[in-house]
Amino acid sequence: MSKPGTLPRASWGRAVIERRGVDSESPMVLPSRKFGPITMNSIVRYQGASGDFNPMHHDDELARSAGYPSAFCVGMLGAGYLASYCTEIFGVGTVRRFRTRFRKLVFRGEVLSAVGEFVEIRVDDGRRVLVVEARLTDRRSDVVVEAAAEFDGGIF
C-alpha cells in the first residue's frame, strides 16, 4: 500500500510516461535499486530454486582448482535481480520481452546496483511500448548483467 499522494512502485513507469509524454527526447532514467551483499545462502537458494547445481557456484575448492579465487554467483541470479527491478517498476503483467547478457562474474560479498532508462517509447496497435535498457553493476561500476526489455505501457 502506498502513502497518500504517492504512487505504488508498479505505477512509476506509467506515471513517468504520462508526465513526460510519448515524444520526449531526453533520456528518462529509472530509479536505482541495490541488491546484496551476495552471500553463499543467496547463491545456494537460487540454485535450489532453478535446479542449476553446478558446483562452481558453491564449492570454493573446486573453483580455486579451476583458477577462480572462489565460487561465484549464478549468472541467472543477476538476471533475476534485473527482472525483479523492472517488474517492480512496470508490473509483472506488462513484460513483452526481456533479454539479458552476462558480462562479468560476481563473487560473494558484492553489492549490486540496478539502473535503467527508457530508450524508446512507441505505439504498436494502439498500445504504448516502453523500451528499456537496464544494467546491473558492481561496486566498481562494472556492468555484470545487461538487459534489453519491452513493457506494455497501456492504451494510447
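A residue counts as partly exposed when its relative accessible area falls between the buried limit, under 20%, and the exposed limit, over 50%. In this predicted model, Glu 88 meets that criterion, with 26% relative accessibility. Arg 33 is likewise partly exposed, at a relative accessible area of 25%.

The chain contains four helices and six strands. Their order from the N terminus is α-β-β-α-α-α-β-β-β-β. The chain has 156 residues, and 38% of them count as buried. Contacts between residues at least 6 apart in sequence were also examined; 65% of these join residues at least 24 apart. The exposed surface of the chain comes to about 8,800 Å². Carbon and sulfur atoms supply 52% of that area.

Side chains of opposite charge can pair when their charged atoms come close. In this chain the count comes to 14 salt bridges. One of them pairs Arg 33 with Glu 88, with the closest N and O atoms 3.2 Å apart. Arg 33 belongs to strand 2 (residues 33–35) and Glu 88 to helix 4 (residues 75–90), so the bridge ties together parts that are 55 residues apart in sequence.

A salt bridge also forms between Arg 103 and Glu 146. Here the closest N and O atoms are 3.0 Å apart. This pair links distant parts of the chain, 43 residues apart. Arg 103 sits in the loop between strand 3 (95–102) and strand 4 (112–124), while Glu 146 lies in strand 6 (residues 143–155). The relative accessible area of Arg 103 is 46%, which is within the 20% to 50% range, so Arg 103 is partly exposed. Glu 146 is partly exposed too, at 24%.

The loop between strand 3 and strand 4 also holds Lys 104. Lys 104 forms a salt bridge with Asp 142, and the closest N and O atoms are 2.7 Å apart. Asp 142 is placed in the loop between strand 5 (127–137) and strand 6. The two residues are 38 apart, and the pair links distant parts of the chain. Lys 104 counts as partly exposed at 31% relative accessibility. Asp 142 counts as partly exposed at 33%. Both residues belong to one network, joined by salt bridges that share partners. Its other members are Glu 110, Asp 138, Arg 139 and Arg 140.

Key. Residues numbered from 1 in each chain as written. Predicted model: local features only at pLDDT ≥ 70, side-chain atom pairs only at ≥ 80, totals over all residues. Heavy atoms only, no water. Buried < 20%, exposed > 50% of the residue type's maximum accessible area, 1.4 Å probe, protein only. Contact = heavy atoms within 4.5 Å. Areas by Shrake-Rupley, 256 points an atom, 1.4 Å probe, with all protein chains shown as cover. Salt bridge = Lys/Arg side-chain N within 4 Å of Asp/Glu carboxyl O.
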